[in-house]
Structure formats: structure tokens, C-alpha cells
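Work through these short exercises with the sequence and the model side by side. Try each task before you read its solution.

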Amino acid sequence: QNRNPLLTSLEGADGLKTGYTKEGGYGMVGSAVQNGMRLIVVVNGLEDPEDRATEAKKLLEWGFRNFEARTLFAADQAIGYAKVFGGDSRSVKLTSVEPIKVMVQRNGTDKLIARITYTGPVRAPIQQGQRIGVLKVWRGNNIAMESPLVAAEAIATGSTTRRAIDGASELVIGLFRAGAEKL
């Protein structure tokens, strides 16, 4: 016996908690998974347990009908590159261990912007799988999700000449930035 009516009335329902208080009325936190997408519903202040069950089920069904988790990048897909300092390569490919997904309205026109952030250039040597930065995905002015990015391959320390050239270029870039900040 369980007091959560979603468990028997909605496909994929797996929890969470029902409750009642005199001040707050009948409430529920419910959870369900369909097609690999989990939604959580919270309702409170309802007059009776049947209303609680009906409203929670309606909200979850609406969510599953109107939203989808869209894959932006597959696991291990090249998402971008980070500049490398002192390595046998000038850059390292960045990937995500997990697929990068964001929830969007079906047939919606949400504009998504993805940006890679990292502190660089990244100093060699770099190990494959080493965390390098973060991919941030914006929906409008709000961050919809963040995901860590890792090096797709190992980058060994470069030759003495390569490290000297990288050091000189970073010195010049640093001087240019310092001059630009004074403007």
C-alpha cells in the first residue's frame, strides 16, 4: 500500500512524497521518467487528496507532451579547442564524457547560445580526460545548463624552442592586454 496515487496512474512514475497540513492543504512532490526524461512536479494547497493526484498527473502529462531533452553534443564529440602553452600541439580538443542535453519546448523557438570557458592557455603536459573547462548553455539571459569539458587526447610537453616561442607570444599578449586596460 502506498499513498502516492501517481505510482499507479502514470507511466514511469517513481516517487516521491505526499503530505497534508492544516495550513498548507494537500500537497505532493512527484517524479516520473518517460523516454529517458525525468520531470518533477510540486503541488500544494489543494482541498482534497483526489485534487492533489489529478493536478500532479495533469502537470506531468503536460510537461511530457510539451518538452523534450534535446542533445546538443554527443558524448566524446569535439565541442571546441583550448589553446595549449608549451605543448607539442598548439591546442587540445575538448569533449564531454556525457552527452550534452538541454530541455526545450517541442517546436519552440528558444535561442540557445553555448560558450566554452577555461583559464588558458592550458599548460602542457595534458592528460587525456583531464578537466579543462566548462561548456555553458544560455537560454536568453539565463544559464540553462553547465557541463565539464575534458581533454580528448594527451598533449606532451613541447620542445624547448616551442616553449620559448609560446613564452614570448604570451609576454607580448600580456603587454598588449595591459596597454588596452589602461585605455
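**Exercise 1: One residue at the surface**

Task: Decide whether Ile40 is buried or exposed.

Solution. Step one: take the relative accessibility of Ile40, which is 55%. Step two: compare it with the cut-off, since exposed means over 50%. Ile40 therefore counts as exposed. This is a predicted model.

Step three: place the residue. Ile40 sits in strand E3, residues 37-46. Step four: look at its partners. Together with Leu16 and Val42, Ile40 makes a nonpolar surface patch of about 320 Å².

**Exercise 2: Elements and confidence**

Task: Find which element has the lowest mean pLDDT and which the highest.

Solution. Start with the inventory: three helices and 11 strands. Their order from the N terminus is α-β-β-β-α-β-β-β-β-β-β-β-β-α. Now rank by confidence. Helix H3 (residues 160-182) is lowest, with a mean of 81. Strand E6 (residues 91-95) is highest, with 97. For the protein, the mean pLDDT is 91, and 99% of residues reach 70 or more.

**Exercise 3: Overall shape**

Task: Compare the radius of gyration of the protein with that of a compact globule of 183 residues.

Solution. First, the reference: such a globule would have a radius near 16 Å. Next, the model: the protein has 25 Å. Then check the spans. Along the principal axes, the C-alpha trace covers about 75 × 40 × 30 Å. Last, turn to burial and surface. Of the 183 residues, 31% count as buried. The protein exposes about 11,700 Å², and carbon and sulfur atoms supply 50% of that area.

Methods
Residues numbered from 1 in each chain as written. Predicted model: local features only at pLDDT ≥ 70, side-chain atom pairs only at ≥ 80, totals over all residues. Heavy atoms only, no water. Patch = residues over 30% accessible without salt bridge, like charges linked within 9 Å, V, L, I, M, F, W, Y side chains within 5 Å. Areas by Shrake-Rupley, 256 points an atom, 1.4 Å probe, with all protein chains shown as cover. Salt bridge = Lys/Arg side-chain N within 4 Å of Asp/Glu carboxyl O. Helix = DSSP H or I, 4+ residues; strand = E, 2+ residues; numbered from the N terminus. Buried < 20%, exposed > 50% of the residue type's maximum accessible area, 1.4 Å probe, protein only. pLDDT = per-residue confidence, 0-100. Rg over C-alpha atoms; globule rule 2.2 N^0.38 Å.
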